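Colleague: I should be grateful for a close look at one part of this protein. Please choose a single helix, describe its surroundings, and then place it within the whole.

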Amino acid sequence: MTTVLKASSSESFVETPAINRLTERALRYLNVGFSVHLRGPAGTGKTTLALHLANMLSRPILLMFGDDEYKSSDLIGNQQGYNRRKVVDNFIHTVVKIEDEVRQSWEDAHLTTACREGFTLVYDEFNRSRPEVNNVLLSALEERLLVLPSAAHQQQKYIRTHPDFRVIFTSNPEEYCGVHETQDALMDRLVTIDLPEPDQLTQQEIVVQKTGLERAEAGVIVNLVRQFRERTGTDKSSGLRACLIIAKVCYGGNVPVSLTSDDFRDVCRDILLSRSKQSRSESIEILAELLQEVPPARKHVPLWS
């Protein structure tokens, strides 16, 4: 069964000048018929932005996640309809009649449903699926034709994609564990937008709106996490998730965002030390130095490009 999400206004979506610029760039391509690929490290907000873009297209949304175990049928569909019935005679209990019935019934999967109905398909972390599985997307994106397998030929051999059909892809860098190298033929059909680490202003606004902390408190956390990541060389994933975890714990657990608070220092150690690529002793020393004094947040021009 395919679950369809209804497009709605993204009231909780955090907007800053940098994010608005990214949104405008992506919509420029989606509105003229191209599919968009959002690529960036974990935690940079790719999935959130993809769903926001899908909502702005005002079409029903289908969400699916890349999986190494996927087959082409998980994208297109498959035959369904085997049924077995057991009948016991009320007069002669030793008599049992079993009837098997096979009903040839085709069931569309996410990609086929989106192509038929003109839905927006959000394919999250699509490069976790094997490249040969994603080959079914090639003709749908280029020729606007989705070729169906022989099992579906009783109905039709292919379908023309609906004019409103769009796909928004997201992916992590190829050096990540469990990620496949994407075939050039597919990448050539997409408009790829790289999402770097959110700028400081964007992270601060997200923390404020998602957790309820005061802006000054959010600035302390964002600055601390940013400096710790710079000192420890932790650049393969975003620091935004660490900021949100620290902020949510502080807000929900009544932990004061203060460098003199033992509880706050404990929270920072628990969240940040495990994310460092340095040795534990070096990470502890770096964090201890940073907890002595963190400069206040400063407004600056967003760095997203």
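**A helix and its cover**

Modeller: In this predicted model, helix α2 spans residues 46-56, and its buried residues are Lys46, Leu49, Ala50, His52, Leu53, Ala54 and Asn55. Several elements help to cover these buried residues of α2. Among them is one helix, α1 (17-30). The cover also includes the strands β1 (35-39), β2 (61-65), β5 (120-124) and β8 (166-171). After α2 comes Ser58, which has a positive phi, near 60°.

The helix may now be set against the whole protein. The secondary structure consists of twelve helices and nine strands. The protein has 305 residues, of which 45% count as buried. Of the contacts between residues at least 6 apart in sequence, 76% link residues at least 24 apart. The exposed surface of the protein is about 16600 Å², and carbon and sulfur atoms account for 49% of that area.

A pair of helices elsewhere in the chain illustrates how two such elements pack. Helix α9 (residues 215-232) packs with helix α12 (residues 280-290) at an angle of about 145°, and their axes lie 10 Å apart. The crossing of α9 past α12 is right-handed. On the α9 side, the contact involves Leu224, Gln227, Phe228, Arg231 and Thr232. Their counterparts in α12 are Ser283, Ile286, Leu287, Glu289 and Leu290. Sorted by class, this contact of α9 with α12 comprises five nonpolar, three polar and two charged residues.

Notes. Residues numbered from 1 in each chain as written. Predicted model: local features only at pLDDT ≥ 70, side-chain atom pairs only at ≥ 80, totals over all residues. Heavy atoms only, no water. Helix = DSSP H or I, 4+ residues; strand = E, 2+ residues; numbered from the N terminus. Buried < 20%, exposed > 50% of the residue type's maximum accessible area, 1.4 Å probe, protein only. Contact = heavy atoms within 4.5 Å. Areas by Shrake-Rupley, 256 points an atom, 1.4 Å probe, with all protein chains shown as cover. Axes fitted to C-alpha atoms, helices over the stretch in contact; angles between N-to-C directions. Left-handed = near helix turned anticlockwise from the far one by under 90°. Nonpolar A, V, L, I, M, F, W, Y, C, P; charged D, E, K, R; others polar.
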